[in-house]
Amino acid sequence: MMQWYAKVLAMIPKQLRLQKAEEKRLSKFPDFKTHKRNKHPRPYHKVGGARVHTTGFIDVSGNHAAFMLWRDGNELTDRLFLANLFLKISGGGFYPIFEFHWHPSHKGIHCKLPCKTNSDYLNRQLPGAPEFDITKDYGKLLDPRDPLDRIELIKLFCIKCGIALPESSDGGQMKLIA
């Protein structure tokens, strides 16, 4: 676990590449449960309600944790999927190093990185961080409410973060559905 995070504050692309290259593994596809307010640490302590479903914090390495959330809605445009990769900080803090978003209402699949900023994002999401459109990496319209589409979003998030996927029953890693 990282003992301090001062050098993370002005993260450069090389540091992000090193974080991505560090060995990380998702042991199984996570279950989503209705998220209750004040159940999880910051930055998700105020999020909750019957429409919000989360995995909680999942250890993917000794230094990293992932958090995934999807919000339901009557229409596809009311739904969203969010996933974060955090660097674990001693003392129980989390520093976001990758934020993955899918908002069918107004944007394609995009991510935010704490790259080339001077903001302190400890226990926060990444407001004001550079944003990158990655929709071109996956052309199919996905619905977070659909469990198979949610698995596709999880897979895409893991691939972008360098997180090894759980193995399928045939012994190979599960592949993205075309």
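How many bridges pair S3 with strand S4 (residues 64–71), and in which sense do the two strands run? S3 and S4 pair in the antiparallel sense, over six bridges. This is a predicted model. The mean pLDDT of the chain is 76, and 66% of its residues reach 70 or more. The largest nonpolar core has 31 residues. The count of disulfides is zero.

**Confidence**

- Two stretches fall below a pLDDT of 50: one is residues 1–8, and another is residues 169–178.
- Residues 1–8 have 20 contacts in the model beyond near neighbours in sequence.
- For residues 169–178, that number is 21.

**Strand S3 and its partners**

- Strand S3 covers residues 52–59, and six of its eight residues are buried.
- S3 is therefore largely enclosed by the rest of the structure.
- On one pairing, S3 meets strand S2 (residues 33–34) in the antiparallel sense, over two bridges.
- His53 in S3 is the bridge partner of Thr34.
- On another pairing, S3 meets S4, again in the antiparallel sense.
- Here Thr54 has Leu69 of S4 as its bridge partner.
- S3 and S4 form a hairpin, with four residues between them.
- As a general point, side chains in a regular strand alternate between the two faces of the sheet.

**The nonpolar cores**

- Which residues have the most contacts inside the largest nonpolar core? They are Met68, Phe81, Phe100 and Phe157.
- Several elements give two or more residues to this core: S4, strand S5 (80–89), strand S6 (93–102), S7 and helix H2 (147–161).
- Helix H2 gives the most, with six residues.
- Phe81 has a long list of contacts, not counting residues up to four places away in sequence.
- Among the residues that Phe81 touches are Phe32, Met68, Leu69, Trp70 and Phe100.
- Phe81 also touches Pro144, Arg150, Leu153 and Ile154, among others.
- A second core is separate and has eight residues, including Val52, Leu80, Phe86 and Phe94.
- In soluble globular proteins, nonpolar side chains tend to be buried together.

**Aromatic pairs**

- The structure holds seven aromatic pairs.
- One of them joins Phe57 and Phe67, with 4.9 Å centre to centre and 50° between the planes, so it counts as tilted.
- Phe57 lies in strand S3 and Phe67 in strand S4, so this pair ties together parts that are ten residues apart in sequence.
- Is Phe57 buried or partly exposed? Phe57 is partly exposed, because its relative accessible area is 21% and buried means under 20%.
- Phe67 is buried, with a relative accessible area of 0%.
- Phe57 also pairs with Phe94, and this pair is stacked: 4.2 Å centre to centre, 20° between the planes.
- Phe57 lies in strand S3 and Phe94 in strand S6, so the pair ties together parts that are 37 residues apart in sequence.
- Phe94 counts as buried, at 11% relative accessibility.
- Ring pairs link Phe57, Phe67, Phe86 and Phe94 into a cluster.

**Cysteines**

- A disulfide is a covalent bond between the sulfur atoms of two cysteines.
- Why is Cys161 not bonded to Cys158? The sulfur of Cys161 is 7.1 Å from that of Cys158, which is too far for a bond, because the cut-off is within 2.5 Å.
- Cys158 is buried, at 0% relative accessibility.
- Cys161 is buried too, with a relative accessible area of 2%.

**Lys112**

- Lys112 sits in strand S7 (residues 109–112).
- Is Lys112 buried or exposed? Lys112 is buried, with a relative accessible area of 16%.
- Lys112 and Ile97 are 15 residues apart along the chain, and their C-alpha atoms are separated by 8.3 Å.

Note on methods:
Residues numbered from 1 in each chain as written. Predicted model: local features only at pLDDT ≥ 70, side-chain atom pairs only at ≥ 80, totals over all residues. Heavy atoms only, no water. Buried < 20%, exposed > 50% of the residue type's maximum accessible area, 1.4 Å probe, protein only. Pairing = 2+ DSSP bridges. Core = buried A, V, L, I, M, F, W, Y, C linked by side-chain atoms within 4.5 Å. Contact = heavy atoms within 4.5 Å. pLDDT = per-residue confidence, 0-100. Phe/Tyr/Trp six-rings, centres within 6.5 Å; stacked < 30°, edge-to-face > 60°.
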